[in-house]
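Subject: Structure handover and findings

Dear colleague,

Please find below the structure for your attention. My notes on it follow directly after.

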Amino acid sequence: MAQAAPAPQAPPEMTPKRMLAFLVMVFGMFMAILDIQIVSASLPEIQAGLGASPEEISWVQTSYLIAEVVMIPLSGFLARLMSTRILFSVAAAGFTAASFFCALSGSINEMILWRGVQGFLGGGMIPSVFAAAFTIFPPSKRPIVSPMIGLVATLAPTVGPTVGGYLSHTFSWHWLFLVNVPAGIAVALAAWSLIDFDKPQWELRSKFDWWGLAALAAFLGGMEYVLEEGPGNDWLQDESVAILAAVMVVGGVVFFWRALTRDEPIVDLSAFGNINFTLGSTFSFVMGIGLYGLTYLYPLYLSMIRGYDSLMIGETVFVSGLAMFMTAPIAGMLSAKIDLRVMMLIGFLGFALSTWMLTGMTAEWDFKELLIPQILRGMSLMISMVPINNMALGTLSPDKIKGASGLFNLTRNLGGAVGLAVINTILSDRRELHYARLSEAVNWSNPEALTQLKMMAANLTSRGLDGETAALSQMSGRLHGQAAVMSFIDIFVLLAFAFASLSIAAMMMKKPAGPKVAGGH
């Protein structure tokens, strides 16, 4: 045992081949994460192209997310079984092939099938990058590699609407998938040639927990379905949501029982015994809410209230991605110079401030008003993401990293799924509440409302319309629009308080003792 101690220190050498292999993996992860948002921005074009109904087209995203969320925690065991090289290369090649077949899909059922395959294999690439960053590089190099993976994890979802809007407008929706093909082939070939971080442990095949895998799929797949479909279907009042909720509960019980009682569980939960990893995963969960929540809310506001198309939305929200890109090297330098907990404190407070600035939103807000909040949001995401990665994964022993990186990424994805479900539910409920209150105030005894109606009616009558009827309809539209804006503001207030509270929790983490921490804990 004494001679085994130096082993973790020998591999962490930043050789050109190892660095190039890592860059290839980072690019593969970027493709997998980008593919969620790049498609979400252009769902109407895909729906029209495939002749799908609104209910069917939502499954283009749901099938991807369900499959991905199952694969992400499973990837830790598969990386040990197959090695990082085989897992990443197969995942990249399969993801590329599935992208190609998505582009060739002639029906919505074909698209849903290949999107599920694409999500499952894409999920195999994401945790491998985090694991590689904390096992093949020494702690002294983390100020370089950690900002890279933090940038990709946050930048890809943010620029997705921009890239998706551009591709679907300039070419066609098919190119949302075809763009992955040449890049994916290059990534798969390069990964096979360059990755040499570890060796397969084929003896684990006999210990593969098939019942654990089935329970994991039922638990996470059911959860993802409930969170995706629940807000629009009155939750458990919908039969399919209720059935999948029951499947989720049963799957969860069986999964945790097997994970906690088997010698070789399908997902190793022991990393949660490390307080830094537990807190870091909690932060990652809330970061998922903020990252995916605002990536959803900005385009929703611009389309619903401002009437922007997908390309105009992409051009408006690109600012956050640019701010992240510019802040990444700064975050890397800061992580080497100041207490990581202080960095998280600054990042969380900055994110809270950027969200609080949106509470003054009106129906007239445009690029100019959204500029500063977006820049501050992008900077804060990078400043907080880098130390979260380092603090959560940097204090684990190398043998725990592969499983832990899958769990860590899972928390961010689940945070996004939970966040979007809660956001959609609150938006719907609060919009109805605000509209009811506004309608009570705008009545026939309100002189200001009557004056506005008369002016609107006169203007519409001069255009040859039924002035009174059209004016009432127009006033109702105004109230609906104002109620929607007020419901957006309610969400921004909640997000601001959530991130402000994270800044307090950040100081509860243990400060890494130094470079030696990476070798064990």
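The notes below cover the pocket, the cavity, the salt bridges and one helix.

This is a predicted model, in which local features need pLDDT of at least 70 and side-chain atom pairs count only at pLDDT 80 or more, while totals for chains, interfaces and linings use all residues. Residues are numbered from 1 along each chain as its sequence is written, and side-chain values use heavy atoms, with hydrogens and water left out.

Pocket and cavity

Both kinds of space were sought on a 1 Å grid over the protein atoms alone: a cavity is a set of points where a 1.4 Å probe fits but cannot get out, and a pocket is an open set with protein on both sides within 12 Å along at least five of seven lines. Lining residues have an atom within 4 Å of a point. Grid points are joined across faces, edges and corners, and a volume is the space filled by probe spheres set on the points.

The largest pocket has a volume of about 1,500 Å³. Its lining consists of 45 residues, and those nearest the centre are Ser40, Leu43, Gln61, Tyr296 and Asn424. Among the elements that give two or more residues to this lining are helix 1 (16-40), helix 4 (59-82), helix 12 (275-304) and helix 16 (398-441); helices here are DSSP runs (H or I, at least four residues), numbered from the N terminus. Helix 16 supplies the largest share, nine residues. By class, the lining of the largest pocket has 22 nonpolar, 15 polar and eight charged residues, where Ala, Val, Leu, Ile, Met, Phe, Trp, Tyr, Cys and Pro count as nonpolar, Asp, Glu, Lys and Arg as charged, and the others, Gly among them, as polar.

One cavity of 30 Å³ or more was counted. The largest cavity has a volume of about 40 Å³, and its lining includes Thr158, Leu294, Tyr298 and Arg377. Helix 12 gives the most to this lining, with four residues.

Salt bridges

The structure holds eight salt bridges, each defined as a side-chain nitrogen of Lys or Arg within 4 Å of a carboxyl oxygen of Asp or Glu. Asp209 and Arg258 form one of them, at 3.0 Å from N to O. Asp209 lies in the loop between helix 9 (180-194) and helix 10, and Arg258 in helix 11, 49 residues apart. Both Asp209 and Arg258 are buried, a term that means under 20% relative accessible area, with exposed over 50% and partly exposed in between (1.4 Å probe, protein chains only).

A further salt bridge joins Asp490 and Arg430 at 2.8 Å, N to O. Asp490 belongs to helix 18 and Arg430 to helix 16, with these positions 60 residues apart in the chain numbering. Asp490 is buried at 19% relative accessible area, whereas Arg430 is partly exposed at 29%. Shared partners also join Asp209, Arg258 and Arg262 into one network of salt bridges.

Helix 1

Helix 1 has 25 residues, of which 18 are buried, so the helix is largely enclosed by the rest of the structure. Its expected span (1.5 Å times one less than its number of residues) is 36 Å, which agrees with the 37 Å between its end C-alpha atoms. Helix 1 also has a kink of about 35 degrees, centred on Leu34; the bend at a residue is the angle between axes fitted to the seven residues ending there and the seven starting there.

With kind regards
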